[in-house]
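Biologist: I would like to go through a structure feature by feature. Please give me the general idea each time and then the case at hand.

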Amino acid sequence: MADFDVVVIGAGPGGYVAAIRSAQLGLSTACIDEWKNAQGKQSLGGTCLNVGCIPSKALLESSENFERVSHDFSAHGITASDVQYDLAKMLARKDKIVSDFTSGIVQLFKKNKVTSLLGRAQLLGREGDFWRVGVEGGEEVRAKHVVIATGSTPRVLPQAPFDGINIVDNSGALSFTQTPKHLVVIGAGVIGLELGSVWRRLGAEVTLLEALPTFIPVADEQVSKEALRAFTKQGLKIHLGAQVNSVAQEAGTVKISWRDAQGVAQELVADKLVVAVGRVANTLGLGAETVGLKLDNGGRVVVDDHCRSNLPNVYAVGDVVRGPMLAHKASEEGVMVAELIAGQAGHCDLSVVPGIMYTAPEIAWVGKTEQQLKESGVSYKSGQFPFMANGRARSLGDASGFVKILADTKSDRILGVHIIGPMASELIQQAVLALAFSASSEDLARIIHAHPSLSEVVHEAALAVDKRAIHI
Ligand code: FAD
Ligand code: NAD
C-alpha cells in the first residue's frame with residue numbers, strides 16, 4: 001500500500017490542477033480518475049476536456065466558420081459557391097484537440113511526478129494520520145490529505161431519460177454523426193444555447209424549451225434582452241415558460257408534449273432531443289456515508305471558504321461544491337487547496353469569477369448585474385458603449401452588442417461589467433482584473449487602450465459612466 005501526502009480524487013480541471021500544484025510544492029501526490037474514452041483508455045481532464053469546455057469550443061469554432069463563409073464573407077467581397085462541410089472531419093478535428101489535451105495532462109503528471117491511478121476511488125476510513133482510499137480494481141492507497149474533485153454529471157429529467165441515441169446529454173450532443181433535421185433542446189441555459197447554436201449553424205432546425213419565464217437570468221437583463229433578440233433573429237426558436245409534460249419515442253423520432261407559457265398544450269417531433277437542464281454534484285460511490293462526509297441537500301460536499309470539508313484534512317473543489325460550475329473556478333480552488341496543504345495562504349475570491357457564453361454574439365460578465373444592485377439597494381451609476389461605434393468591430397464585420405459598466409455612485413468602484421459582442425470572452429478579463437484590484441471606472445477610463453481595438457469599447461463604457469464617452 002502506497003502512502004502519499006496528497007491524494008486527489010478526480011482529474012478534471014479542479015483535480016488535475018490541485019495535483020500538479022501539490023507536486024510543485026514538494027508534496028508526494030497521486031491523482032485517481034476513472035474516466036475512459038471511447039477506446040476504453042484512461043482519459044484525464046474530466047468533463048471539461050472530454051465532453052465539455054474544449055470539444056464544445058472546437059465545434060463552435062468550426063460551425064461558426066461555416067456560417068461565416070456561407071453568409072458573412074460576401075460583405076467583404078469574398079464569395080464562395082457551393083460551400084459544404086464534412087461533419088466527420090469536423091468531429092475528428094474536435095476529437096484530436098481533446099486527445100492532444102488529455103494526453104498533455106499525462107505528460108504534465110509525469111513532468112511533475114504525480115502518480116496517476118485509473119479507477120473509481122472510494123474513501124474507506126481513517127488510519128492514524130492517514131485516510132485510506134480504495135481504487136476500484138486496483139491497490140489501496142493512504143493519504144495525509146484528500147482532495148475530492150469528482151465534478152458533476154448531467155441532471156436527468158424523469159420524463160426524458162437519456163438513451164444515448166435519440167435523447168442525449170452534452171456528450172451525445174457533441175457527437176451526432178449526422179446533423180439532425182429537427183433538434184429540440186430542453187433547457188435554454190449555457191449548454192442549450194452553445195450546442196443549439198452549433199447544430200443550427202450546421203443546418204438543423206433548433207427549438208429550445210425553457211422552463212423559466214426569463215431568458216438567461218444570470219446575465220444582466222439588458223444583455224439577456226439583446227441576446228434573445230440576436231438568437232431569435234439567427235433562427236433559434238426559443239420558448240420561455242415551457243413545461244415539458246412527456247416525451248415518447250416513436251419510429252426513430254422523439255415526440256415532446258409540452259405546455260407553452262399561456263398553458264396551451266403543444267407537441268414537437270424531433271429526430272434528436274438534448275436535455276440540458278443543469279448538472280448535479282457527483283459523489284456517487286465515493287464513500288461519503290461510510291466516512292461521515294457532510295453533503296448538502298443538492299448532494300454537494302459542504303465546504304468552507306477554503307474548501308475544507310467537515311472531515312480533518314479532507315478538501316473538496318470544483319463542481320462538487322457550492323459556487324458556479326466552471327472550469328476556471330474549479331482550477332483556482334484546486335490551487336488554493338494545494339497551497340493550504342503546503343502551509344501557504346491559499347486564496348480564491350468567488351466574487352470575481354467571470355461567466356462566459358461562447359455563442360455568437362459572445363456574452364461575458366463579472367460581478368453584479370443591474371437587477372442584483374437594485375435588489376440589494378446599492379446606489380450605482382452605469383456606462384454603456386456599443387460595438388457599432390468601434391472601428392475594429394466594424395472592420396471585423398461583427399459590431400453587434402455593447403459593454404456595460406456598473407460602478408458605485410459614491411466611490412466609483414466597479415461593481416459589475418457585462419459584455420455582449422465580439423470577443424466578449426477575451427475582453428472580460430480586463431474587467432476581472434479591474435474588479436480584483438478594486439478599480440474605479442475612472443481608473444479604467446484613464447488607462448490608454450490601443451487603437452483600433454475592441455478593448456476601446458470597454459474604455460469608452462468606463463468613460464460613459466462619467467457621461468464623457470468620446471465617440472458617441
Ligand atoms: P470534472 O471536470 O467533472 O471532473 C471530475 C472527474 O472526476 C472526472 O474525470 C470523473 O471521471 C472523475 N471522478 C468522479 N468520481 C470519481 C471517483 N469516485 N473516483 C475516480 N474518479 C472520479 N466551464 C467553463 O469554465 N468554460 C466552458 O466553456 C465550459 N463549457 C462546458 C461545456 C459543456 C458541454 C459542459 C458539460 C461543461 C462545460 N463547462 C465549462 C463546465 C466545466 O466542464 C466544469 O465546471 C468543470 O469540468 C468542473 O471541473 P471539476 O474538476 O470540478 O470536475
Ligand atoms: P444551466 O443551468 O446553464 O441551464 C439549464 C437551463 O435549464 C436553465 O435555464 C433552467 O431554467 C432550465 N431548466 C431546468 N429544468 C428544466 C425543465 N424541466 N424544462 C425546461 N428547462 C429547464 O445548465 P446547463 O446548460 O445544463 O449547463 C450545466 C453547467 O455547465 C452550467 O452550470 C454551466 O456553468 C456549465 N457550462 C458552462 C459553459 C461555459 O462556461 N461557457 C458552457 C456549458 C456548460
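Modeller: What follows takes up sheets, ligand surroundings and backbone geometry in turn. Keep in mind that this is a predicted model.

Biologist: Let us begin with the sheets. In what order do the strands of the three-stranded open sheet lie, and is the pairing parallel or antiparallel?

Modeller: The general idea is that strands of a sheet pair through backbone hydrogen bonds, in either a parallel or an antiparallel way. Here the order is β12-β13-β14, and the pairing is antiparallel. At the edges are β12 (243-250) and β14 (265-270), each of which pairs on one side only. On average, neighbouring strands of this sheet are turned by 20° against each other, with direction ignored.

Biologist: How many bridges join β12 to β13?

Modeller: Seven bridges link β12 with β13 (residues 253-259), and these two strands run antiparallel. To find the register, look at Ser246, which stands opposite Ser257 in β13.

Biologist: Which strands form the parallel open sheet, and in what order?

Modeller: That sheet has five strands, ordered β8-β15-β9-β10-β11, with parallel pairing. Its edges are β8 (167-168) and β11 (237-239); each has a single partner strand, so one side of each is left without a neighbour in the sheet.

Biologist: How is β11 paired with β10?

Modeller: The pairing of β10 (residues 205-209) with β11 is parallel and extends over three bridges. One residue to locate is Leu209, whose bridge partner in β11 is His239.

Biologist: Which strands does helix α6 lie across?

Modeller: Helix α6 (residues 190-201) lies across β9 (182-186), β10 and β11. The helix runs at about 165° to β10.

Biologist: Now the ligands. Which residues come nearest to ligand 1?

Modeller: A shell can be read by its closest residues, its polar pairs and its make-up. Around ligand 1 there are 38 residues, of which Gly14, Asp33, Thr47, Lys57 and Ala121 come nearest. Thr47 has a polar side-chain atom 2.7 Å from an oxygen atom of the ligand. Two backbones also take part: a polar backbone atom of Cys53 is 3.5 Å from a nitrogen atom of ligand 1, and a backbone N or O atom of Met325 lies 3.2 Å from an oxygen atom of ligand 1. Taken alone, ligand 1 exposes 990 Å², and the protein buries 94% of that.

Biologist: Which element gives the most to the shell around ligand 1?

Modeller: The most comes from α2, with four residues. At least two residues each are supplied by β2 (29-33), α2 (46-51), α3 (53-72) and α9 (327-341). Sorted by class, the shell around ligand 1 holds 16 nonpolar, 16 polar and six charged residues.

Biologist: How many residues surround ligand 2, and which are the closest?

Modeller: There are 21 residues around ligand 2, with Ile191, Glu194, Glu210, Gly278 and Ile356 the closest. Ile356 places a backbone N or O atom 2.8 Å from a nitrogen atom of ligand 2. For Arg155 the atom in question is a polar side-chain atom, 3.0 Å from a nitrogen atom of ligand 2. Val190 has a backbone N or O atom 3.2 Å from an oxygen atom of ligand 2. The ligand has 840 Å² of accessible area on its own, and the protein covers 76% of this.

Biologist: Where does the largest share of the shell around ligand 2 come from?

Modeller: It comes from α6, which contributes three residues. This is the helix that lies across β9, β10 and β11. The shell around ligand 2 has 13 nonpolar, three polar and five charged residues.

Biologist: Last, the backbone. Which peptide bond has omega near 0°?

Modeller: In general, most peptide bonds are trans, and most residues other than glycine have a negative phi. The bond from Ala360 to Pro361 is cis, with omega near 0°. Pro361 sits in the loop between β18 (355-357) and β19 (362-367). Another cis peptide bond joins His451 and Pro452, with omega about -10°. Pro452 is in the loop between α13 (441-445) and α14 (455-465).

Biologist: Is the phi of Ile216 positive or negative?

Modeller: The phi of Ile216 is positive, about 35°, although this residue is not a glycine. Look for Ile216 in the loop between β10 and α7 (221-234).

Notes: Residues numbered from 1 in each chain as written. Chains lettered and ligands numbered in written order. Predicted model: local features only at pLDDT ≥ 70, side-chain atom pairs only at ≥ 80, totals over all residues. Heavy atoms only, no water. Pairing = 2+ DSSP bridges. Axes fitted to C-alpha atoms, helices over the stretch in contact; angles between N-to-C directions. Contact = heavy atoms within 4.5 Å. Near = heavy atom within 4 Å. Polar contact = N/O pair within 3.5 Å; in protein donor to acceptor, adjacent residues only side chain to side chain. Areas by Shrake-Rupley, 256 points an atom, 1.4 Å probe, with all protein chains shown as cover. Nonpolar A, V, L, I, M, F, W, Y, C, P; charged D, E, K, R; others polar.
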